[in-house]
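Subject: Structure for your set

Hello,

Here is the structure for you to load. My notes on one strand and one acidic residue follow below it.

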Amino acid sequence: MNHFQASLQHLQSRRQFFGQQGLRLGSMALAALAGSVSQRGSALADSRGHVAAPVHPPLPGLPHFAPKAKSIIYVHYNGGPPQHDTWDYKPQLEAYFDKDLPDSVRGGQRLSTMTSGQKTFPVAPSKFKFERVGQAGVWANTELMPYTSKLVDDFTLVRSVHTNAINHDPACTFVMTGSEVPGKASIGSWLAYGLGSENNDLPAFMVFTPRFPADSNAQALYNRMWGSGFLPTRFNGVALRGSGDPVLYLPNPEGVLREDRRAMLDALNALNLQGLERFGDPETETRISQYEMAFRMQSSVPELTDISQESSGTLAMYGPDATVPGTFTHSALLARRLVERGVRMVQILHRGWDTHGNLPRQLANQCRDTDQGTAALVRDLKQRGMLDDTLVVCGGEFGRTVYSQGKLTRDNYGRDHHPRNFCVWLAGGGVKRGYVHGETDDFSYNVVRDPVNVNDLNATILHCMGIDHTRLSFKFQGLDQRLTGVEQPRVIPEVVAGLGRSAGEAVWVVLGGLSFP
(Lines give C-alpha, C1' and ligand atoms only; values in the text may rest on other atoms or scores of the structure.)
Protein backbone atom coordinates (compact mmCIF):
# COMPACT_ATOMS: atom_id res chain seq x y z
CA MET A 1 0.00 0.00 0.00
CA ASN A 2 1.49 3.38 -0.96
CA HIS A 3 1.44 6.46 1.27
CA PHE A 4 -1.53 8.08 -0.56
CA GLN A 5 -3.66 4.95 -0.23
CA ALA A 6 -2.77 4.61 3.44
CA SER A 7 -3.68 8.25 4.08
CA LEU A 8 -7.00 7.87 2.23
CA GLN A 9 -7.84 4.73 4.18
CA HIS A 10 -6.96 6.52 7.41
CA LEU A 11 -9.26 9.44 6.55
CA GLN A 12 -12.07 7.07 5.58
CA SER A 13 -11.76 5.23 8.89
CA ARG A 14 -11.90 8.57 10.70
CA ARG A 15 -15.17 9.43 8.92
CA GLN A 16 -16.66 6.10 9.87
CA PHE A 17 -15.54 6.45 13.46
CA PHE A 18 -16.96 9.91 14.01
CA GLY A 19 -20.10 9.20 11.99
CA GLN A 20 -20.99 5.94 13.72
CA GLN A 21 -19.96 6.81 17.23
CA GLY A 22 -21.15 10.42 17.30
CA LEU A 23 -18.37 11.41 19.65
CA ARG A 24 -17.33 14.99 20.10
CA LEU A 25 -13.63 15.81 20.16
CA GLY A 26 -14.29 17.76 23.35
CA SER A 27 -15.37 14.63 25.14
CA MET A 28 -12.32 12.82 23.82
CA ALA A 29 -10.07 15.61 25.04
CA LEU A 30 -11.55 15.50 28.54
CA ALA A 31 -11.09 11.73 28.60
CA ALA A 32 -7.48 12.18 27.50
CA LEU A 33 -6.96 14.72 30.25
CA ALA A 34 -8.21 12.20 32.79
CA GLY A 35 -5.73 9.65 31.50
CA SER A 36 -2.69 11.82 31.03
CA VAL A 37 0.86 10.74 31.72
CA SER A 38 2.27 12.24 34.89
CA GLN A 39 5.66 10.62 35.25
CA ARG A 40 7.88 8.94 32.67
CA GLY A 41 5.74 6.28 31.06
CA SER A 42 3.22 5.98 33.89
CA ALA A 43 -0.30 6.41 32.48
CA LEU A 44 -2.93 7.56 34.97
CA ALA A 45 -6.33 5.86 34.78
CA ASP A 46 -9.55 7.77 35.26
CA SER A 47 -12.01 7.14 38.10
CA ARG A 48 -13.38 4.06 36.29
CA GLY A 49 -9.92 2.60 35.70
CA HIS A 50 -9.89 3.42 31.98
CA VAL A 51 -6.64 4.53 30.36
CA ALA A 52 -6.94 7.12 27.61
CA ALA A 53 -5.66 6.44 24.12
CA PRO A 54 -2.34 8.19 23.47
CA VAL A 55 -2.56 11.60 21.85
CA HIS A 56 0.84 11.04 20.17
CA PRO A 57 0.80 7.35 19.16
CA PRO A 58 3.82 5.81 17.42
CA LEU A 59 3.67 4.60 13.85
CA PRO A 60 2.64 0.95 13.49
CA GLY A 61 5.68 -1.27 13.92
CA LEU A 62 7.78 1.28 15.75
CA PRO A 63 10.12 1.06 17.50
CA HIS A 64 11.73 -1.48 15.16
CA PHE A 65 13.59 -3.11 18.04
CA ALA A 66 13.98 -2.64 21.77
CA PRO A 67 15.16 0.94 22.34
CA LYS A 68 17.99 1.81 24.68
CA ALA A 69 16.65 5.35 25.16
CA LYS A 70 13.12 6.70 25.59
CA SER A 71 13.91 10.41 25.24
CA ILE A 72 16.59 12.71 23.87
CA ILE A 73 17.91 16.01 25.16
CA TYR A 74 19.92 17.59 22.35
CA VAL A 75 22.14 20.49 23.46
CA HIS A 76 23.32 22.42 20.41
CA TYR A 77 26.13 24.95 20.85
CA ASN A 78 25.31 27.13 17.86
CA GLY A 79 28.30 28.76 16.14
CA GLY A 80 30.91 26.02 16.20
CA PRO A 81 32.82 25.47 19.48
CA PRO A 82 36.62 25.28 19.02
CA GLN A 83 37.68 21.67 19.49
CA HIS A 84 41.31 22.64 20.24
CA ASP A 85 40.16 24.68 23.23
CA THR A 86 37.65 22.14 24.60
CA TRP A 87 37.99 18.40 23.89
CA ASP A 88 40.74 17.83 21.28
CA TYR A 89 43.82 19.24 22.97
CA LYS A 90 47.13 19.04 21.13
CA PRO A 91 49.97 19.84 23.58
CA GLN A 92 52.62 19.58 20.85
CA LEU A 93 51.17 22.67 19.14
CA GLU A 94 53.03 24.89 21.58
CA ALA A 95 56.17 24.30 19.54
CA TYR A 96 54.36 25.59 16.42
CA PHE A 97 53.16 28.88 17.91
CA ASP A 98 52.92 31.55 15.19
CA LYS A 99 54.42 29.24 12.57
CA ASP A 100 52.58 28.85 9.29
CA LEU A 101 50.33 25.80 9.07
CA PRO A 102 52.09 23.37 6.69
CA ASP A 103 50.52 23.07 3.25
CA SER A 104 50.68 19.30 3.64
CA VAL A 105 48.21 19.57 6.54
CA ARG A 106 45.86 21.96 4.76
CA GLY A 107 45.87 19.68 1.74
CA GLY A 108 44.21 22.23 -0.53
CA GLN A 109 41.01 22.20 1.50
CA ARG A 110 38.59 25.05 0.94
CA LEU A 111 38.60 27.95 3.35
CA SER A 112 35.85 30.37 4.23
CA THR A 113 35.97 33.83 2.67
CA MET A 114 36.88 35.23 6.09
CA THR A 115 40.41 33.75 5.98
CA SER A 116 40.95 32.70 2.36
CA GLY A 117 42.63 36.05 1.76
CA GLN A 118 45.13 35.74 4.62
CA LYS A 119 48.76 35.67 3.49
CA THR A 120 49.74 33.44 6.43
CA PHE A 121 48.01 30.89 8.59
CA PRO A 122 49.76 31.09 11.97
CA VAL A 123 49.18 28.14 14.29
CA ALA A 124 47.40 29.16 17.52
CA PRO A 125 47.82 26.68 20.40
CA SER A 126 45.16 26.82 23.07
CA LYS A 127 46.04 29.20 25.89
CA PHE A 128 43.92 27.37 28.44
CA LYS A 129 44.79 24.84 31.12
CA PHE A 130 44.16 21.22 30.17
CA GLU A 131 44.35 18.15 32.38
CA ARG A 132 43.89 14.45 31.91
CA VAL A 133 40.61 13.47 33.56
CA GLY A 134 38.61 10.31 34.14
CA GLN A 135 39.75 6.73 34.16
CA ALA A 136 40.82 6.95 30.51
CA GLY A 137 42.90 10.09 31.12
CA VAL A 138 41.04 12.19 28.55
CA TRP A 139 42.45 15.66 27.85
CA ALA A 140 39.88 18.30 28.84
CA ASN A 141 39.83 22.04 29.39
CA THR A 142 39.43 22.04 33.17
CA GLU A 143 39.92 25.79 33.33
CA LEU A 144 36.73 26.63 31.40
CA MET A 145 34.81 23.38 31.96
CA PRO A 146 35.44 22.46 35.61
CA TYR A 147 32.04 20.76 35.90
CA THR A 148 31.59 18.99 32.56
CA SER A 149 35.19 17.75 32.51
CA LYS A 150 34.40 15.64 35.58
CA LEU A 151 31.80 13.67 33.64
CA VAL A 152 34.02 12.02 31.02
CA ASP A 153 33.48 8.61 32.62
CA ASP A 154 29.75 9.03 31.94
CA PHE A 155 29.84 9.77 28.21
CA THR A 156 31.26 8.88 24.82
CA LEU A 157 33.39 11.60 23.25
CA VAL A 158 33.47 11.53 19.44
CA ARG A 159 36.42 13.56 18.17
CA SER A 160 36.08 12.72 14.50
CA VAL A 161 32.70 14.14 13.42
CA HIS A 162 32.87 15.88 10.04
CA THR A 163 30.39 17.78 7.89
CA ASN A 164 30.02 19.03 4.33
CA ALA A 165 29.15 22.64 5.11
CA ILE A 166 31.54 25.46 5.94
CA ASN A 167 28.96 28.16 6.79
CA HIS A 168 26.55 28.28 9.71
CA ASP A 169 23.12 28.07 8.12
CA PRO A 170 23.73 25.04 5.88
CA ALA A 171 25.85 23.38 8.59
CA CYS A 172 23.14 23.76 11.25
CA THR A 173 20.50 22.65 8.79
CA PHE A 174 22.62 19.58 7.98
CA VAL A 175 23.14 18.66 11.64
CA MET A 176 19.45 18.95 12.50
CA THR A 177 17.78 17.70 9.30
CA GLY A 178 20.39 15.50 7.65
CA SER A 179 20.57 17.78 4.62
CA GLU A 180 21.99 21.20 3.79
CA VAL A 181 18.89 21.91 1.68
CA PRO A 182 16.09 23.63 3.62
CA GLY A 183 12.69 22.03 3.71
CA LYS A 184 13.58 18.69 5.28
CA ALA A 185 12.23 17.47 8.62
CA SER A 186 14.31 17.98 11.76
CA ILE A 187 15.47 15.06 13.89
CA GLY A 188 13.00 15.98 16.64
CA SER A 189 10.13 16.01 14.16
CA TRP A 190 11.17 12.61 12.82
CA LEU A 191 11.13 11.21 16.36
CA ALA A 192 7.74 12.78 17.12
CA TYR A 193 6.39 11.37 13.86
CA GLY A 194 7.81 7.89 14.35
CA LEU A 195 7.64 7.31 18.08
CA GLY A 196 5.06 9.80 19.32
CA SER A 197 5.16 10.60 23.02
CA GLU A 198 4.18 9.16 26.38
CA ASN A 199 2.56 12.41 27.51
CA ASN A 200 -0.92 13.44 26.38
CA ASP A 201 -0.73 16.98 27.75
CA LEU A 202 2.52 18.24 26.21
CA PRO A 203 3.90 18.22 22.67
CA ALA A 204 6.19 15.33 21.74
CA PHE A 205 8.97 17.75 20.71
CA MET A 206 9.87 20.90 22.65
CA VAL A 207 12.56 23.53 22.13
CA PHE A 208 14.46 26.13 24.17
CA THR A 209 16.44 29.04 22.74
CA PRO A 210 17.98 30.57 25.90
CA ARG A 211 19.73 33.90 26.00
CA PHE A 212 23.51 34.06 25.74
CA PRO A 213 26.35 36.41 26.80
CA ALA A 214 25.79 39.90 25.42
CA ASP A 215 29.22 40.32 23.83
CA SER A 216 29.13 37.00 21.95
CA ASN A 217 29.19 36.68 18.19
CA ALA A 218 25.77 35.08 17.72
CA GLN A 219 24.31 33.64 14.56
CA ALA A 220 20.64 33.62 13.63
CA LEU A 221 18.54 30.60 14.52
CA TYR A 222 16.10 29.41 11.88
CA ASN A 223 13.01 27.49 12.90
CA ARG A 224 13.81 24.86 10.29
CA MET A 225 16.12 23.45 12.97
CA TRP A 226 13.00 22.29 14.80
CA GLY A 227 10.60 22.35 11.86
CA SER A 228 8.68 19.40 10.45
CA GLY A 229 9.54 20.17 6.82
CA PHE A 230 7.47 17.87 4.60
CA LEU A 231 6.00 16.02 7.61
CA PRO A 232 2.60 17.22 8.88
CA THR A 233 3.07 20.45 10.80
CA ARG A 234 1.76 18.96 14.04
CA PHE A 235 5.24 17.43 14.36
CA ASN A 236 6.92 20.85 14.56
CA GLY A 237 8.88 21.50 17.73
CA VAL A 238 7.10 23.82 20.17
CA ALA A 239 9.40 26.52 21.51
CA LEU A 240 9.07 27.70 25.10
CA ARG A 241 9.92 31.37 25.61
CA GLY A 242 12.30 32.56 28.31
CA SER A 243 10.34 35.62 29.37
CA GLY A 244 6.68 36.45 29.83
CA ASP A 245 4.27 33.65 28.97
CA PRO A 246 6.22 30.48 28.04
CA VAL A 247 3.84 30.04 25.08
CA LEU A 248 2.25 33.12 23.52
CA TYR A 249 -1.53 33.41 23.64
CA LEU A 250 -1.89 30.19 25.62
CA PRO A 251 -3.74 31.62 28.67
CA ASN A 252 -7.39 32.53 28.30
CA PRO A 253 -8.15 36.26 28.03
CA GLU A 254 -9.52 37.88 31.14
CA GLY A 255 -13.17 36.98 31.61
CA VAL A 256 -13.02 33.78 29.54
CA LEU A 257 -13.58 30.67 31.66
CA ARG A 258 -12.08 27.29 30.87
CA GLU A 259 -15.58 25.95 30.25
CA ASP A 260 -16.14 28.73 27.71
CA ARG A 261 -12.95 27.80 25.92
CA ARG A 262 -13.99 24.14 25.86
CA ALA A 263 -17.36 24.97 24.34
CA MET A 264 -15.74 27.17 21.71
CA LEU A 265 -13.27 24.42 20.76
CA ASP A 266 -16.07 21.86 20.50
CA ALA A 267 -17.90 24.06 18.02
CA LEU A 268 -14.72 24.87 16.09
CA ASN A 269 -13.65 21.24 15.93
CA ALA A 270 -17.07 20.24 14.58
CA LEU A 271 -16.62 22.71 11.72
CA ASN A 272 -13.04 21.55 11.09
CA LEU A 273 -14.18 17.93 11.00
CA GLN A 274 -16.66 18.80 8.26
CA GLY A 275 -13.85 20.38 6.30
CA LEU A 276 -11.61 17.36 6.89
CA GLU A 277 -14.27 14.95 5.65
CA ARG A 278 -14.94 17.09 2.59
CA PHE A 279 -11.40 17.91 1.47
CA GLY A 280 -9.14 15.43 3.30
CA ASP A 281 -6.50 18.10 3.94
CA PRO A 282 -4.03 16.76 6.55
CA GLU A 283 -3.39 20.32 7.72
CA THR A 284 -7.00 20.48 8.90
CA GLU A 285 -6.26 17.42 11.03
CA THR A 286 -3.19 19.24 12.34
CA ARG A 287 -5.31 22.28 13.20
CA ILE A 288 -7.74 20.13 15.20
CA SER A 289 -4.96 18.37 17.11
CA GLN A 290 -3.08 21.60 17.83
CA TYR A 291 -6.17 23.35 19.20
CA GLU A 292 -6.70 20.40 21.53
CA MET A 293 -3.04 20.36 22.56
CA ALA A 294 -3.14 24.09 23.33
CA PHE A 295 -6.15 23.46 25.57
CA ARG A 296 -4.24 20.78 27.48
CA MET A 297 -1.14 22.96 27.71
CA GLN A 298 -3.11 25.62 29.57
CA SER A 299 -2.76 23.29 32.56
CA SER A 300 0.41 21.33 31.80
CA VAL A 301 2.77 24.24 30.99
CA PRO A 302 2.21 26.16 34.26
CA GLU A 303 2.80 22.91 36.16
CA LEU A 304 5.95 22.24 34.12
CA THR A 305 7.47 25.66 34.71
CA ASP A 306 6.68 25.76 38.42
CA ILE A 307 10.00 24.67 39.94
CA SER A 308 9.05 25.57 43.51
CA GLN A 309 8.99 21.88 44.44
CA GLU A 310 12.55 21.25 43.27
CA SER A 311 14.82 20.52 46.23
CA SER A 312 17.39 23.03 47.39
CA GLY A 313 20.07 20.45 46.59
CA THR A 314 18.92 20.17 43.00
CA LEU A 315 18.81 23.94 42.52
CA ALA A 316 22.26 24.31 44.08
CA MET A 317 23.64 21.68 41.72
CA TYR A 318 22.40 23.65 38.69
CA GLY A 319 23.57 26.97 40.14
CA PRO A 320 22.02 30.41 40.69
CA ASP A 321 20.67 30.71 37.12
CA ALA A 322 18.39 27.71 37.67
CA THR A 323 15.65 29.98 38.97
CA VAL A 324 16.09 32.64 36.27
CA PRO A 325 13.76 32.01 33.29
CA GLY A 326 15.41 32.36 29.90
CA THR A 327 18.88 31.26 31.01
CA PHE A 328 20.60 28.18 29.70
CA THR A 329 20.62 26.63 33.16
CA HIS A 330 16.88 27.16 33.66
CA SER A 331 16.30 25.56 30.24
CA ALA A 332 18.43 22.56 31.25
CA LEU A 333 16.37 22.08 34.41
CA LEU A 334 13.12 22.29 32.46
CA ALA A 335 14.52 19.83 29.93
CA ARG A 336 14.90 17.27 32.70
CA ARG A 337 11.35 17.99 33.87
CA LEU A 338 10.07 17.49 30.30
CA VAL A 339 11.65 14.08 29.74
CA GLU A 340 10.54 13.14 33.25
CA ARG A 341 7.00 13.74 31.99
CA GLY A 342 7.46 11.56 28.93
CA VAL A 343 8.27 14.17 26.25
CA ARG A 344 10.17 12.44 23.46
CA MET A 345 12.61 15.13 22.30
CA VAL A 346 13.91 18.29 23.93
CA GLN A 347 16.23 20.64 22.10
CA ILE A 348 18.32 23.41 23.70
CA LEU A 349 19.96 25.76 21.19
CA HIS A 350 22.52 28.05 22.81
CA ARG A 351 24.00 30.77 20.61
CA GLY A 352 27.26 32.74 20.66
CA TRP A 353 29.95 30.12 19.94
CA ASP A 354 31.18 31.75 16.70
CA THR A 355 34.63 32.84 17.91
CA HIS A 356 36.30 34.53 14.93
CA GLY A 357 38.09 36.97 17.25
CA ASN A 358 38.70 37.49 20.96
CA LEU A 359 38.27 33.76 21.43
CA PRO A 360 39.72 33.51 24.95
CA ARG A 361 37.27 36.05 26.35
CA GLN A 362 34.24 34.95 24.36
CA LEU A 363 34.79 31.23 24.95
CA ALA A 364 35.20 31.83 28.67
CA ASN A 365 31.86 33.65 28.73
CA GLN A 366 30.14 30.86 26.78
CA CYS A 367 31.47 28.14 29.06
CA ARG A 368 30.59 30.14 32.15
CA ASP A 369 27.03 30.31 30.83
CA THR A 370 26.68 26.58 30.10
CA ASP A 371 29.22 24.42 31.92
CA GLN A 372 27.55 24.03 35.31
CA GLY A 373 24.06 23.65 33.86
CA THR A 374 25.15 21.03 31.31
CA ALA A 375 26.97 18.96 33.92
CA ALA A 376 24.09 19.30 36.38
CA LEU A 377 21.64 18.02 33.77
CA VAL A 378 23.62 14.81 33.32
CA ARG A 379 24.17 14.37 37.06
CA ASP A 380 20.51 15.09 37.80
CA LEU A 381 19.35 12.47 35.29
CA LYS A 382 21.83 9.98 36.72
CA GLN A 383 20.76 10.57 40.32
CA ARG A 384 17.12 10.02 39.39
CA GLY A 385 17.84 6.82 37.50
CA MET A 386 16.84 8.47 34.22
CA LEU A 387 20.20 8.61 32.43
CA ASP A 388 19.99 4.98 31.36
CA ASP A 389 17.00 5.72 29.14
CA THR A 390 17.65 9.38 28.29
CA LEU A 391 20.19 10.17 25.59
CA VAL A 392 21.98 13.51 26.00
CA VAL A 393 23.76 14.82 22.89
CA CYS A 394 26.01 17.90 23.03
CA GLY A 395 27.89 19.57 20.17
CA GLY A 396 27.92 22.23 17.45
CA GLU A 397 27.67 22.33 13.66
CA PHE A 398 31.40 22.29 12.80
CA GLY A 399 34.80 22.92 14.36
CA ARG A 400 37.35 25.75 14.19
CA THR A 401 40.71 26.13 12.45
CA VAL A 402 44.01 25.53 14.20
CA TYR A 403 45.37 28.69 12.63
CA SER A 404 44.44 32.12 13.90
CA GLN A 405 42.00 34.34 12.10
CA GLY A 406 43.51 37.81 12.23
CA LYS A 407 46.25 38.89 14.63
CA LEU A 408 47.75 36.23 16.90
CA THR A 409 49.24 36.91 20.33
CA ARG A 410 49.91 34.64 23.28
CA ASP A 411 46.75 35.86 24.97
CA ASN A 412 44.39 36.50 22.07
CA TYR A 413 43.40 34.86 18.82
CA GLY A 414 40.38 33.86 16.76
CA ARG A 415 39.51 30.77 14.76
CA ASP A 416 37.64 30.38 11.46
CA HIS A 417 35.09 27.71 10.50
CA HIS A 418 36.43 24.20 9.96
CA PRO A 419 34.14 21.40 8.70
CA ARG A 420 36.72 18.60 8.55
CA ASN A 421 36.52 17.63 12.23
CA PHE A 422 34.76 18.60 15.43
CA CYS A 423 33.71 17.04 18.72
CA VAL A 424 30.34 15.79 19.95
CA TRP A 425 29.70 13.92 23.19
CA LEU A 426 26.80 11.62 24.04
CA ALA A 427 25.75 10.43 27.49
CA GLY A 428 23.29 7.81 28.75
CA GLY A 429 20.61 6.14 26.63
CA GLY A 430 22.55 3.24 25.16
CA VAL A 431 26.00 4.71 24.51
CA LYS A 432 29.24 3.59 26.07
CA ARG A 433 30.63 5.41 29.07
CA GLY A 434 34.18 6.64 29.42
CA TYR A 435 34.93 6.01 25.75
CA VAL A 436 36.69 8.18 23.15
CA HIS A 437 35.97 7.52 19.48
CA GLY A 438 38.00 8.81 16.56
CA GLU A 439 41.33 10.54 16.25
CA THR A 440 42.65 13.62 14.48
CA ASP A 441 46.10 14.60 13.29
CA ASP A 442 48.61 16.58 15.35
CA PHE A 443 46.92 19.85 14.33
CA SER A 444 43.30 18.72 14.83
CA TYR A 445 42.81 19.58 11.17
CA ASN A 446 42.07 16.18 9.61
CA VAL A 447 40.51 12.95 10.85
CA VAL A 448 43.04 10.11 10.79
CA ARG A 449 40.96 7.34 12.40
CA ASP A 450 37.28 6.41 12.51
CA PRO A 451 35.63 9.35 10.71
CA VAL A 452 32.00 10.00 11.63
CA ASN A 453 29.76 11.82 9.18
CA VAL A 454 26.91 13.90 10.62
CA ASN A 455 24.42 11.37 9.29
CA ASP A 456 26.38 8.49 10.83
CA LEU A 457 25.77 10.29 14.10
CA ASN A 458 22.07 10.74 13.30
CA ALA A 459 21.74 7.06 12.38
CA THR A 460 23.33 6.15 15.72
CA ILE A 461 20.97 8.43 17.62
CA LEU A 462 17.96 6.82 15.91
CA HIS A 463 19.37 3.38 16.70
CA CYS A 464 19.52 4.23 20.40
CA MET A 465 15.82 5.12 20.14
CA GLY A 466 14.99 1.71 18.62
CA ILE A 467 14.77 2.94 15.03
CA ASP A 468 16.40 1.47 11.95
CA HIS A 469 17.21 4.67 10.06
CA THR A 470 16.74 2.96 6.69
CA ARG A 471 13.14 2.05 7.55
CA LEU A 472 11.85 5.37 8.89
CA SER A 473 10.78 7.27 5.77
CA PHE A 474 8.11 9.57 4.36
CA LYS A 475 7.21 9.80 0.70
CA PHE A 476 7.66 13.33 -0.63
CA GLN A 477 8.37 14.59 -4.14
CA GLY A 478 8.57 11.02 -5.41
CA LEU A 479 11.23 9.95 -2.91
CA ASP A 480 11.19 7.95 0.31
CA GLN A 481 12.70 10.75 2.38
CA ARG A 482 14.85 9.82 5.38
CA LEU A 483 16.62 11.79 8.08
CA THR A 484 19.89 10.16 7.09
CA GLY A 485 19.56 10.70 3.35
CA VAL A 486 20.54 8.27 0.62
CA GLU A 487 24.34 8.08 1.01
CA GLN A 488 24.28 4.93 3.15
CA PRO A 489 25.39 6.25 6.52
CA ARG A 490 26.03 3.67 9.20
CA VAL A 491 25.33 3.23 12.87
CA ILE A 492 28.62 3.62 14.78
CA PRO A 493 28.83 0.24 16.54
CA GLU A 494 31.75 1.23 18.76
CA VAL A 495 29.70 4.00 20.33
CA VAL A 496 26.62 1.93 21.15
CA ALA A 497 26.90 -0.10 24.34
CA GLY A 498 26.75 -3.83 23.59
CA LEU A 499 27.55 -3.59 19.87
CA GLY A 500 31.23 -3.02 19.13
CA ARG A 501 32.92 -3.29 15.76
CA SER A 502 31.83 -6.36 13.84
CA ALA A 503 34.39 -8.95 12.85
CA GLY A 504 36.26 -8.08 9.69
CA GLU A 505 34.99 -4.48 9.58
CA ALA A 506 37.59 -2.08 8.26
CA VAL A 507 39.13 0.66 10.35
CA TRP A 508 39.24 3.63 8.01
CA VAL A 509 42.26 5.89 8.08
CA VAL A 510 41.99 9.26 6.36
CA LEU A 511 45.07 11.01 5.01
CA GLY A 512 45.05 14.18 2.96
CA GLY A 513 41.36 13.80 2.14
CA LEU A 514 41.77 10.23 0.80
CA SER A 515 40.35 7.21 2.62
CA PHE A 516 42.17 3.90 3.00
CA PRO A 517 41.00 0.72 4.76
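His76 of strand E3 stands opposite Leu349 in strand E9. Please keep in mind that this is a predicted model.

Strand E3

E3 covers residues 71-77, and seven of its seven residues are buried, so the strand is largely enclosed by the rest of the structure. Ser71, Ile73, Val75 and Tyr77 point one way from E3, while Ile72, Tyr74 and His76 point the other way. Residues on both sides are buried.

E3 has parallel pairings with two strands. With E9 (residues 345-350), E3 shares six bridges in the parallel sense. With E10 (residues 390-395), the pairing is also parallel and also runs over six bridges. In that second pairing, Ser71 has Thr390 of E10 as its bridge partner.

Asp416

Asp416 lies in strand E12, residues 415-418. Asp416 is buried but forms no salt bridge. The nearest side chain of opposite charge belongs to Arg400, 5.3 Å away, and the salt-bridge cut-off is 4 Å.

What does the side chain of Asp416 make polar contacts with? One partner is the side chain of Ser112, at 2.5 Å. Another is the side chain of Thr115, also at 2.5 Å.

Leaving aside neighbours within four places in sequence, the residues in contact with Asp416 are Ser112, Met114, Thr115, His356, Gly399, Arg400, Thr401, Tyr403 and Gln405. Arg400 is thus in that contact list, although Asp416 has no salt bridge.

Regards

Definitions and conventions
Residues are numbered from 1 along each chain as its sequence is written. This is a predicted model: local features need pLDDT of at least 70, side-chain atom pairs count only at pLDDT 80 or more; totals for chains, interfaces and linings use all residues. Side-chain values use heavy atoms; hydrogens and water are left out. Buried means under 20% relative accessible area, exposed over 50%, partly exposed in between (1.4 Å probe, protein chains only). Helices (H or I, at least four residues) and strands (E, at least two) are DSSP runs, numbered from the N terminus. Two strands pair if DSSP finds at least two bridges between them. Lys and Arg count as positive and Asp and Glu as negative; His and the chain ends are not counted. A polar contact is a pair of N or O atoms within 3.5 Å; within protein, one must be able to donate a hydrogen and the other to accept it, and residues adjacent in sequence count only if both atoms are side-chain atoms. Contact means heavy atoms within 4.5 Å.
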